[in-house]
Amino acid sequence: MPKTPPITNDPSTERDEAEAGFVQLIQALTAVGLATEVRHGENESLLVFVKVASPDLFAKQVYRARLGDWLHGVRVSAPHNDIAQALKDEPVVEAERLRLIYLMITKPRNEGGAGVTPTNAKWKHVDSIFPLHSHSFNKEWIKKWSSTYTLEQTDIDNIRDKFGESVAFYFAFLRSYFRFLVIPSAFGFGAWLLLGQF
């Protein structure tokens with residue numbers, strides 16, 4: 001029968017373990033080409049801000065992801081062989097940039113990522129990974145959408161570029177759903193007016 005080590009609640013051991021995990025986190029992020037900045041958070045927590053350290057490295061990540069998407073049938077055509085030309089033909093939108101940086105952080109090391117996942121026991125001190133929000137953009141976006149009643153294709157494209165394909169598909173579905181409901185709801189309203197007794 002295997003023995004388990006005794007459980008200790010020694011604060012110095014916990015602190016040493018947290019410091020070692022922090023050093024390991026910074027090394028893993030730096031190894032994949034991300035620059036980090038650390039600031040104090042609430043309740044003795046640390047906030048680790050990351051950004052891409054090299055535009056050339058990120059351009060290679062974009063090209064590799066787009067090539068992989070084409071090989072898996074997600075994209076219709078292969079990206080241009082020249083990386084600079086490929087990025088000029090199709091610039092990186094914010095949703096793609098955030099997705100690729102998230103993948104750089106979370107993909108396993110054997111796939112070129114840092115392997116940082118909050119649910120993994122190795123990274124038990126990493127609470128979550130999320131992008132920062134632009135409050136000015138949020139105010140402008142809410143103001144625009146609170147006065148809009150119909151979505152055009154350019155609106156769906158803007159949603160896709162900012163928040164990704166899954167959110168854009170949701171709004172495209174809602175647009176189609178409400179358009180299809182116009183005729184049945186008009187028929188129902190007319191029936192209610194003309195045949196109120198039923």
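**Why the labels fit**

Colleague: What makes the meeting of E19 and R15 a salt bridge?

Modeller: Their side chains come to 3.4 Å, N to O. The cut-off is 4 Å between a side-chain nitrogen of Lys or Arg and a carboxyl oxygen of Asp or Glu. The pair therefore qualifies. Bear in mind that this is a predicted model.

Colleague: Where do E19 and R15 lie?

Modeller: Both are in helix α1, residues 11-31. They are four residues apart, about one turn of the helix.

Colleague: Why is R15 called exposed, and E19 partly exposed?

Modeller: Exposed means over 50% relative accessible area, and buried means under 20%. R15 has 56%, so R15 is exposed. E19 has 40%, in between, so E19 is partly exposed.

Colleague: How do you know that K162 and E94 form a salt bridge?

Modeller: Their closest N and O atoms are 2.4 Å apart. That is within 4 Å, so the label holds. K162 lies in helix α6 and E94 in helix α4 (residues 94-106), so the pair ties together parts that are 68 residues apart in sequence.

Colleague: Why is K162 counted as buried?

Modeller: K162 has a relative accessible area of 19%. Buried means under 20%, so K162 falls on that side. E94, at 29%, is partly exposed.

Colleague: What separates D157 and R160 in helix α6?

Modeller: They are three residues apart, about one helical turn. They too form a salt bridge, with the closest N and O atoms 3.6 Å apart. D157 is partly exposed at 26%. R160 is also partly exposed, at 34%.

Colleague: Which residues do shared salt-bridge partners join into one network?

Modeller: E94, R97 and K162. A search of the whole structure finds ten salt bridges.

Colleague: How do you know that helix α5 has the expected span?

Modeller: Helix α5 covers residues 135-146, twelve residues. From first C-alpha to last it reaches 16 Å, close to the 16 Å expected at 1.5 Å a residue.

Colleague: What makes the buried residues of α5 line one face?

Modeller: The buried residues are F137, W141 and W145. Seen down the axis, they fall within an arc of 55 degrees, so they line one face of the helix. Helix α6 (153-163) is among what covers them. The face turned away carries exposed residues, including H135, K139 and E140.

Colleague: Why are F137 and W141 called buried?

Modeller: F137 has 19% relative accessible area. W141 also has 19%. The cut-off is under 20%, so both labels hold.

Colleague: Why is the ring pair W141 and F163 called edge-to-face?

Modeller: The ring centres are 5.6 Å apart, within the 6.5 Å limit for a pair. The planes stand at 75 degrees, and over 60 counts as edge-to-face. W141 is in α5 and F163 in α6, so the pair ties together parts 22 residues apart in sequence. F163 is partly exposed, at 40%.

Colleague: How many aromatic pairs does the structure hold?

Modeller: Nine. The pair F137 and W141 is tilted, because its planes are at 40 degrees, between the 30 and 60 degree limits. Its ring centres are 4.9 Å apart. Ring pairs link F137, W141, W145, F163, Y170 and F171 into a cluster.

Colleague: How do you know that the span of helix α2 agrees with expectation?

Modeller: Its 17 residues (55-71) should span 24 Å, and its end C-alpha atoms are 24 Å apart, which agrees. Buried residues of α2 include F58, A59 and Y63. The buried residues pack against β2 (46-52), α3 and α4. Just after α2, G73 takes a positive phi of about 85 degrees.

Colleague: Which residues does I83 of helix α3 contact beyond its sequence neighbours?

Modeller: Leaving aside neighbours within four places, I83 is in contact with A59, K60 and Y63. The C-alpha atoms of I83 and A59 are separated by 6.9 Å, though the two are 24 residues apart along the chain. I83 is partly exposed, at 26%.

Colleague: Where is confidence lowest among the helices you can name, and where highest?

Modeller: Lowest is helix α3 (residues 83-89), at a mean of 85, and highest is helix α7 (residues 165-194), at 92. The protein's mean pLDDT is 86, and 93% of its residues reach 70 or more. Over residues 1-7 the pLDDT is below 50. That stretch has zero contacts in the model beyond near neighbours in sequence.

Definitions and conventions: Residues are numbered from 1 along each chain as its sequence is written. This is a predicted model: local features need pLDDT of at least 70, side-chain atom pairs count only at pLDDT 80 or more; totals for chains, interfaces and linings use all residues. Side-chain values use heavy atoms; hydrogens and water are left out. Helices (H or I, at least four residues) and strands (E, at least two) are DSSP runs, numbered from the N terminus. The expected span of a helix is 1.5 Å times one less than its number of residues. Buried means under 20% relative accessible area, exposed over 50%, partly exposed in between (1.4 Å probe, protein chains only). The arc is that of the directions from the helix axis to the C-beta atoms. Contact means heavy atoms within 4.5 Å. pLDDT is the predictor's confidence in each residue, from 0 to 100. Rings of Phe, Tyr and Trp (its six-membered ring) pair if their centres lie within 6.5 Å; planes under 30 degrees apart count as stacked, over 60 as edge-to-face and the rest as tilted.
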